[in-house]
Amino acid sequence: EKEWGDSCVLALAGSPFFPSLTSLDLIGCGGGQAGYKALVASRIFLNVASLANSGENVGVVLTQATGTSPCFPNVSSLLIYGSIGSAGMEAIAASPFFPSLTSLAVVGNDIRDEGLRAIAAFSSPKLTYLDVSKNDISAAGIQALAESSCFSNLATLIISDNCLGDAGLQAIASSPCFSSLTNLSLSENQIGNAGIHALAASSFFPNLTSVDVSDNDIDDAGMQALATSCHFPNLIIVQVDDSYIGSS
């Protein structure tokens, strides 16, 4: 499978044949900065609603460009794989050009706590889906998210493969900001019984239907607390793969 390279990306940026394009997936295209600078400077993608891109250099260029010019004004879904870091995330969060954003996924981008704090300040009340998996996020970062008032409509929160620990889940559990959540993914986060007990005791998740606590340090006692909680009347799916259930 060949990468596009700059010549193909430049050709795409200069083409007049995509006025009705609504989805643009650039993951694995392999273009350089010249190609992607031309792409984001183009005015032919005004109808794109779904945008996906990847790669360290490409991600940074695209993120900075979309953060400073309305080249994709109708984007409702933004997916970024790569290494944009906290600076790239801050550029997106500070941009006024994503008024229609409902879905944001920044997976494996090394945004860390600083990047999550930028998301926490992100004024996008339409956001219903947030995936910040694999970003080395700790309890300090999730605390900022839990204290934000910008996520009242968030239905899906995926924070898998980070390092929240019990303190991180306790911050989520004590926050009234996620009352619309239906899906919560917390796999691979070094969470133990203390964190799961806090979630089980929380009354802030009446709409939760699915929770994933796979690959954590939770044992039978922790899962018993979750299973017998009276606070999740709609919970039908609990994923616990590779935790310590039934290991004693």
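Start by selecting helix α6, residues 139–146, and colour its buried residues: Ala139, Gly141, Ile142, Leu145 and Ala146. Now turn the view until you look down the axis of α6; the buried residues fall within an arc of 155°, so they line one face of the helix. To see what covers them, add α5 (112–120), β5 (129–131), β6 (156–158) and α7, which are included in that cover. Keep in mind throughout that this is a predicted model.

**Stepping back**

Zoom out for a moment to take in the whole protein. You should be able to count nine helices and nine strands. Of the 248 residues, 48% are buried. If you switch on the surface, its accessible area comes to about 10600 Å², with carbon and sulfur atoms accounting for 52% of that area. How do the contacts relate to the sequence? Taking contacts between residues at least 6 apart in sequence, 85% join residues at least 24 apart.

**On to α7 and α8**

You already have α7 on screen from the cover of α6. Select it as residues 165–173, and add α8, residues 193–201. At what angle do the axes of α7 and α8 cross? They cross at roughly 5° and come within 8 Å. Angles under 35 degrees count as roughly parallel, and that makes α7 roughly parallel to α8.

Show side chains where the two helices touch. On the α7 side, pick Asp166, Leu169, Gln170 and Ala173; on the α8 side, pick Asn193, Ala194, Gly195, Ile196, Ala198 and Leu199. Colour this contact by class and you will find six nonpolar residues, three polar and one charged.

**Either side of α8**

Go back along the chain from α8 into the loop that joins β7 (183–185) to it, and select glutamine 190. Glutamine 190 is exposed, with a relative accessibility of 54%. Check its backbone too: phi is positive, about 60°, although the residue is not a glycine. Most residues other than glycine have a negative phi.

Then move to the loop between α8 and β8 (210–212), where leucine 208 sits. Is leucine 208 buried or exposed? Its relative accessibility is 1%, so leucine 208 counts as buried. Leaving out residues up to four places away in sequence, leucine 208 touches Leu181, Thr182, Asn183, Leu184, Phe232, Asn234 and Leu235. For a distance to draw, join the C-alpha atoms of leucine 208 and serine 179: they are 29 residues apart along the chain and separated by 8.6 Å.

**A stop at α5**

Return to α5, another of the elements covering the buried residues of α6. Select arginine 112, which is placed in this helix. Here is a second non-glycine residue to check for its backbone: the phi of arginine 112 is positive, near 55°. Arginine 112 is partly exposed, at 38% relative accessibility.

**Strand β3 and helix α4**

Next, select strand β3, residues 77–81, and pick out leucine 79 within it. With a relative accessible area of 24%, leucine 79 is partly exposed. Setting aside neighbours within four places in sequence, leucine 79 has contacts with Ile27, Leu51, Ala52, Asn53 and Ala105. You can also draw a line between the C-alpha atoms of leucine 79 and serine 103, which lie 24 residues apart along the chain; the separation is 8.1 Å.

Now take helix α4, residues 85–94, and highlight its buried residues: Gly85, Gly88, Met89, Ile92 and Ala93. Look down the axis of α4, and these residues fall within an arc of 135°, so they line one face of the helix. Rotate to the face turned away from the buried side, where you will find the exposed residues Ala87 and Ala94.

**Last stop: α1 and α2**

Finish with helices α1, residues 6–14, and α2, residues 33–41, whose axes come within 8 Å and cross at roughly 10°. That makes α1 roughly parallel to α2. Select Asp6, Val9, Leu10, Leu12 and Ala13 on α1, then Gln33, Ala34, Gly35, Tyr36, Ala38 and Leu39 on α2, to see the residues that make the contact. Which classes of residue make up this contact? There are eight nonpolar, two polar and one charged.

Key:
Residues are numbered from 1 along each chain as its sequence is written. This is a predicted model: local features need pLDDT of at least 70, side-chain atom pairs count only at pLDDT 80 or more; totals for chains, interfaces and linings use all residues. Side-chain values use heavy atoms; hydrogens and water are left out. Axes are lines fitted to C-alpha atoms, for helices over the stretch in contact, and angles run from 0 to 180 degrees between N-to-C directions. Helices (H or I, at least four residues) and strands (E, at least two) are DSSP runs, numbered from the N terminus. Angles under 35 degrees count as roughly parallel, over 145 as roughly antiparallel, 65 to 115 as roughly perpendicular and the rest as oblique. Contact means heavy atoms within 4.5 Å. Ala, Val, Leu, Ile, Met, Phe, Trp, Tyr, Cys and Pro count as nonpolar, Asp, Glu, Lys and Arg as charged, and the others, Gly among them, as polar. Buried means under 20% relative accessible area, exposed over 50%, partly exposed in between (1.4 Å probe, protein chains only). Accessible areas come from the Shrake-Rupley method with a 1.4 Å probe; for residues, only the protein chains shown count as cover. The arc is that of the directions from the helix axis to the C-beta atoms.
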